[in-house]
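User: Could you walk me through how a pair of helices packs here, and then through the setting of a single residue? I have the model open and would like to follow along.

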Amino acid sequence: MHTHWILGPGAIGRLLAHSLTPFVDVAVIGRRALPARQLLTTPEGEVHAQHLTSLTAEQLAADAPVPPAFVHITTKAMAAETALESLISIIAPSTPLVLWQNGFYAQPLITQTWPGPVLCATTTEGAYLTGDDGVVHAGRGHTYVGDLNNQHSKLAETLAKTLTQAGLAATAVDDIRQRLWQKLAVNAAINPLVALHGVRNGELRGDGFVNQVVAVVKEVASIMLAESIQPPNNGQGEEAWLALVWQVIESTANNKASMLQDVEAKRPTERGAILGPLIESAERHGLGCEVLQGLDDELAVLEASF
C-alpha cells in the first residue's frame, strides 16, 4: 500500500482522507491531532464512521515514517507554504506534492521553489466540516490533476486513477493552468457573495443575488480574455463563463463554501488568493474591476471585525 499524507485537516482534506483510507495508507497531519473516529455524511445523507490516523508534524517525525508516495497540501492558500515548511525536515525533496488550494497563489510559488514534482488539483467536490469529528460531502464533482510545466503526466495519471478508484472522479490533464484560472473565475463569482451574505451556494439563484453574480462574471470574463484563458465548454465569452457559474451553483446548491465557513469561524478568508490574482491582472491589463475590488474591500472590513 502506498502512503498518502494529507497536510491540513479541513473539509477537502478530511473528505480526501475518508475516500482514500480504504485503498491506501493515509495520515492526516495538522497543528493538533483530531479524534480517531471520524464521521462522513454522504451527499445522499448517509453517515459513515471511519478510523482516520491523525498526527501532528512532530508526532510524525518521531515515528520515523515510511516516505510517502504523495503529500497532499489541503490547507488554505495563504497557509500552504508555512504548512509545507513543517514537513521539510521529514520528507525528501523529491517527494511529489499535490496542491488543492483555491485561487492561483500557492501553485506558482511552490512549483517554483519545491525541487520535486508539484501537481495541482482543482476540484468541484463540495464539502464542509461539522466539528472536530465530522465532514459533510455536500456535492459530488470532478477533479482535474496536472502540473504547471507539463513534466509529470504519468504521475498525474497515477494519482487520478487512485482518486477515481476512491470514489472521487478525477482526470489527468495537460492544461491545469487553464483549469485553475477557470476555477478561480467560478470561486470569485460565488465565494465572496455567499461569505458576505451568509447564504449557501444555491441561494445565489434568488432575485436578490442574480444581478450581483452577473456583474462579477462580466468583469471576470474580460480578465480571462486578457489572460488568454479560453471560455469553458467551447463556449463564447461572457455567456460561457456565466453558464459555468450557474452550473456550479446548481450542482453545489447545498454547499457551504469555504469562504463562508471561514467567516462563520471568524478566520481570515482566501480573498487574497481568489480575488487578488484577478484584481492584479485587471490592473496590469488596464481593465475595470470595481465590482471585484468592492467585494475585496467588503471582505477586508469583515475580517478586520474579527
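User: What is the handedness of the crossing where α6 passes α10?

Analyst: Happy to help, and keep in mind that this is a predicted model. Where α6 passes α10, the crossing is left-handed.

User: Which residues of α6 and α10 make the contact?

Analyst: Let's take one helix at a time. The α10 side consists of A273, I274, L275, P277, L278 and S281. Facing them from α6 are W181, L184, N187, A188, N191 and P192.

User: Are α6 and α10 roughly parallel or roughly perpendicular?

Analyst: Two packed helices are described by the angle between their axes and the distance between the axes. For α6 (residues 176-197) and α10 (residues 271-284), the axes come within 9 Å and cross at roughly 110°. Angles of 65 to 115 degrees count as perpendicular in this rough sense, so α6 and α10 are roughly perpendicular.

User: Now for E303: is it buried or exposed?

Analyst: E303 sits in helix α11, which spans residues 290-304. Its relative accessible area is 19%, and the cut-off for buried is under 20%. E303 therefore counts as buried.

User: Which residue's side chain is joined to that of E303 by a polar contact of 2.5 Å?

Analyst: Leaving aside neighbours within four places in sequence, E303 is in contact with P268, T269 and R271. Among these, the side-chain partner in the 2.5 Å polar contact is T269.

User: How many Å separate the C-alpha atoms of E303 and L84?

Analyst: Along the chain, E303 and L84 are 219 residues apart. In space, their C-alpha atoms are separated by 25 Å.

Conventions. Residues numbered from 1 in each chain as written. Predicted model: local features only at pLDDT ≥ 70, side-chain atom pairs only at ≥ 80, totals over all residues. Heavy atoms only, no water. Helix = DSSP H or I, 4+ residues; strand = E, 2+ residues; numbered from the N terminus. Buried < 20%, exposed > 50% of the residue type's maximum accessible area, 1.4 Å probe, protein only. Contact = heavy atoms within 4.5 Å. Polar contact = N/O pair within 3.5 Å; in protein donor to acceptor, adjacent residues only side chain to side chain. Axes fitted to C-alpha atoms, helices over the stretch in contact; angles between N-to-C directions. Parallel < 35°, antiparallel > 145°, perpendicular 65-115°, else oblique. Left-handed = near helix turned anticlockwise from the far one by under 90°.
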